[in-house]
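Me: I'm new to looking at protein structures. Could you walk me through one, feature by feature?

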Amino acid sequence: MKINLIKVNNILGINFYTGSIRLGDLFDNFQIPVYRAGSSSITAADSGYQREAKSNRVEAVSSRITTVHPGMQLPNTEPFVDNVNLNLRSIEAEKSYVKGIGNSKDEFGSFYEFEYIPNLGKFQVVDGQTRIKGAQRAYTNAKNDGKDQLAKDIAENRVHVTLSFCEDVFKEAYVFYLINHYSKAIPPDGATRLLHEGQKNSDVNFSNEVTRSNKSQEIESMVVAEKLNHHSKVWAGSIKDFNESGGGKMSIRAVAKIIMPFYKNVKERNLGNRPHEDVVYETVESFWRGIKMAYPGMFKTQTSHQYNVLKAGPSEVMMLVLDKIFELSSAGHKIGKLSDPKTFEVLMKAVLDAHQEDNSSGIKVSGAKLFLIGKEGAMGQYSNSAAKKDAARRINRTLFNELGIQTP
């Protein structure tokens, strides 16, 4: 196997080269230095310094390589948009098998040819094991399924690599540490924002990614969250976008997530010809404006800091209540016009005034006092998903009583 290389840098006394390798050639000649529990050292023959790639992530890469989406061809090479990092534990390999091409000088940016032979040892995968294992699994599956052309195409695909020649396992491990110590996955808020923007602009790659990652519902809800952020008479100014500073605000992704169950409910009922996002936004805005009209003190600039109604936990509880109100209205119960804030002002005032919860001091509170911050309030104590759902169910029982509906 001959690999064309460019010498790019020297770090830690190690020369680093860049080049490309056929996946098929790499499949036969790579090794993952995985740490084995109980091993005496990372230098032991059967041990290393990395954790084993998770099977589900390997499968995700394999599936991505072999799954067709609009505007794409098989195999899908997207997983290899970035390089993988390889090391050969052989100084002799660099000295004797890496040769300058033509009149190329021995300097950074110069061109070389590396003639690899199996006797030099296997390529240690310092970074990129999930992608390489995923590609190998896709190749093996294709072969086993009789898809010989697909298997051949996967094997012929080239992956760009950073290649080093270092016999010191601890230096190799330190390179691994540096790569992973200074890299970080995209924050969820940033990923959602990117997917939302790409989808909004009808970019086929982002649209495929939304479908592939099963985030359609979240991205649809993000549209409503963004509209609330810009136009709501309640939420505008209380939502934090990706990369925006502002303590005490809910992230736009968190707002989108609490809207999701209601958005799903609206979609499933498929009401009329209006776009779902318009119905969702109109109803959500009407609901919160109604609560603001019923309890203005919770939203006034001078006093809003005393309440948590627009914080993650309490607002999620209230969105679950809205979901139930929508279900009852859709089932024919007389609630009123859901696009009219007055409907919710009257209804939520009656429900929350009648509803009682124990605060952390064991004192029953109702109305706006439910949302007081600290020990005096009650809604801030429900932080996990199960507790928030239970709190919503209790409010919904009060809702049923106020509407004169028999509790299911």
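Reply: Sure! Keep in mind that this is a predicted model. Let's begin with the nonpolar cores. In soluble globular proteins, nonpolar side chains tend to be buried together. Here the largest nonpolar core has 60 residues, and the ones touching the most other members are Ile259, Trp288, Ile325 and Met348.

Me: Which elements give two or more residues to this core?

Reply: They're helices: H9 (216-231), H10 (252-269), H11 (276-294), H12 (312-330), H13 (341-354) and H14 (385-403).

Me: Let me zoom in on one residue. What does Met348 touch?

Reply: Leaving out residues up to four places away in sequence, Met348 touches Phe287, Ile291, Tyr295, Met318, Val321, Ile325 and Asp353. Another core, of 35 residues, lies apart from the largest one; Phe27, Tyr116, Ile132 and Ala138 are among its members.

Me: Okay, now the sheet. In what order do the strands come?

Reply: The general idea is that strands of a sheet pair through backbone hydrogen bonds, either parallel or antiparallel. In this model, 8 strands make an open sheet with mixed pairing, ordered S3-S7-S4-S8-S2-S1-S6-S5. At the edges sit S3 (30-31) and S5 (98-100), each pairing on one side only.

Me: How many bridges join S4 to S7?

Reply: There are 3, between S4 (residues 84-88) and S7 (residues 123-127), and these two strands run antiparallel. Look for Leu86, which stands opposite Val125 in S7.

Me: And which helix packs on the sheet, touching S3, S4 and S7?

Reply: That's H4 (residues 129-144), whose direction makes about 125° with that of S7. Check out H6 (residues 169-181) too: it lies across S2 (14-22), S4 and S7, running at about 30° to S7.

Terms used:
Residues numbered from 1 in each chain as written. Predicted model: local features only at pLDDT ≥ 70, side-chain atom pairs only at ≥ 80, totals over all residues. Heavy atoms only, no water. Pairing = 2+ DSSP bridges. Helix = DSSP H or I, 4+ residues; strand = E, 2+ residues; numbered from the N terminus. Contact = heavy atoms within 4.5 Å. Axes fitted to C-alpha atoms, helices over the stretch in contact; angles between N-to-C directions. Core = buried A, V, L, I, M, F, W, Y, C linked by side-chain atoms within 4.5 Å. Buried < 20%, exposed > 50% of the residue type's maximum accessible area, 1.4 Å probe, protein only.
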